[in-house]
Amino acid sequence: MKCIRLVVADDHRMFREALRLSLAAARDIVWAGEAATGAETLAVVERLQPDIVVLDIALPDMNGVEVARQLRLCSPQSRLLALSGYDERMFIEAMLSAGAQGYVVKSAGGDELIEAIRKVASGGQYFSGDAQHSLSQEKAAEAVLSPREQQVLRLLAGGLRSVQIGAELGIAAATVEVHRRNIKEKLGLRSVVELTRYAIRAGLVSA
């Protein structure tokens, strides 16, 4: 049986200890090393060259996305599995773009993490239930907006007022207000702040 050599990067020592105990039951998974910061992660992974790196997004010194990008350079054969308390689509897609092959939300159970490690180690991808829900929910919401509504939302999220949006699109400000109400109703959102957050998650504007 080929063992999966694992490095875990998370800034909470208690969480790492609990995770190590949880993974001890899986005889095909070997805890090769651990790290609490982004810098430690890069050093440990470069030295050990593990099969899998379980990487938290919220590290104290570096963003997990940037750590993932650098890991692709110092240990290109190591596969990355994001483990995070965030289940928003924008975080999931950022980690995937940085090179992660899977994403597990911390609310998932230990059995699901073991399944994710094995799946990613075998060359596949894995998304925990919450991550899958977040991705499918955002895509479904995006699909209900017409092209014009997406244009209006993009400009709203960019800080433009209805009059400015109307001038940009060649439509009346009153028409912009109608689109705005329809967008809120379709997405179930109430404020410009919520609309802006959605537009970022949906990829209509950059963060």
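**Exercise 1. Where does Q101 lie, in terms of α4 and β5? Describe its surroundings.**

This is a predicted model, where local features need pLDDT of at least 70, side-chain atom pairs count only at pLDDT 80 or more, and totals for chains, interfaces and linings use all residues. Residues are numbered from 1 along each chain as its sequence is written, and side-chain values use heavy atoms, with hydrogens and water left out.

Step 1. Q101 sits in the loop between α4 and β5 (102-105). Helices (H or I, at least four residues) and strands (E, at least two) are DSSP runs, numbered from the N terminus.

Step 2. Q101 is buried, at a relative accessible area of 12%. Buried means under 20% relative accessible area, exposed over 50%, and partly exposed in between (1.4 Å probe, protein chains only).

Step 3. Not counting residues up to four places away in sequence, Q101 touches R72, R79, L80, V120, G124, Q125 and Y126. Contact means heavy atoms within 4.5 Å.

Step 4. A polar atom of the Q101 side chain lies 2.7 Å from the backbone nitrogen of L80.

**Exercise 2. Which residues of helix α3 are buried? Place them on the helix.**

Step 1. In α3 (residues 64-74), the buried residues are G64, V65, V67, A68 and L71.

Step 2. They cover an arc of only 155 degrees around the axis, so they lie on the same side of α3. The arc is that of the directions from the helix axis to the C-beta atoms.

Step 3. Their packing partners are α2 (38-48), β3 (52-55), β4 (79-84) and α4 (89-98).

Step 4. At the N-terminal end, N63 caps α3. A side-chain oxygen of N63 lies 2.7 Å from the backbone nitrogen of V65.

**Exercise 3. Is D56 buried or exposed? Set out its contacts.**

Step 1. D56 is in the loop between β3 and α3.

Step 2. D56 is buried, with a relative accessible area of 4%.

Step 3. Leaving aside neighbours within four places in sequence, D56 contacts A9, D10, D11, G64, L83, S84 and K106.

Step 4. An unreviewed UniProt entry annotates D56 as "modified residue: 4-aspartylphosphate". Such annotations may be inferred rather than shown by experiment.

**Exercise 4. How many aromatic pairs does the structure hold? Classify the geometry.**

Step 1. The structure holds 1 aromatic pair.

Step 2. The ring centres of Y86 and F91 are 4.6 Å apart and the planes stand at 20 degrees, so the pair is stacked. Rings of Phe, Tyr and Trp (its six-membered ring) pair if their centres lie within 6.5 Å; planes under 30 degrees apart count as stacked, over 60 as edge-to-face and the rest as tilted.

Step 3. Y86 is partly exposed at 36% relative accessibility. F91 is partly exposed at 25%.

Key
A polar contact is a pair of N or O atoms within 3.5 Å; within protein, one must be able to donate a hydrogen and the other to accept it, and residues adjacent in sequence count only if both atoms are side-chain atoms.
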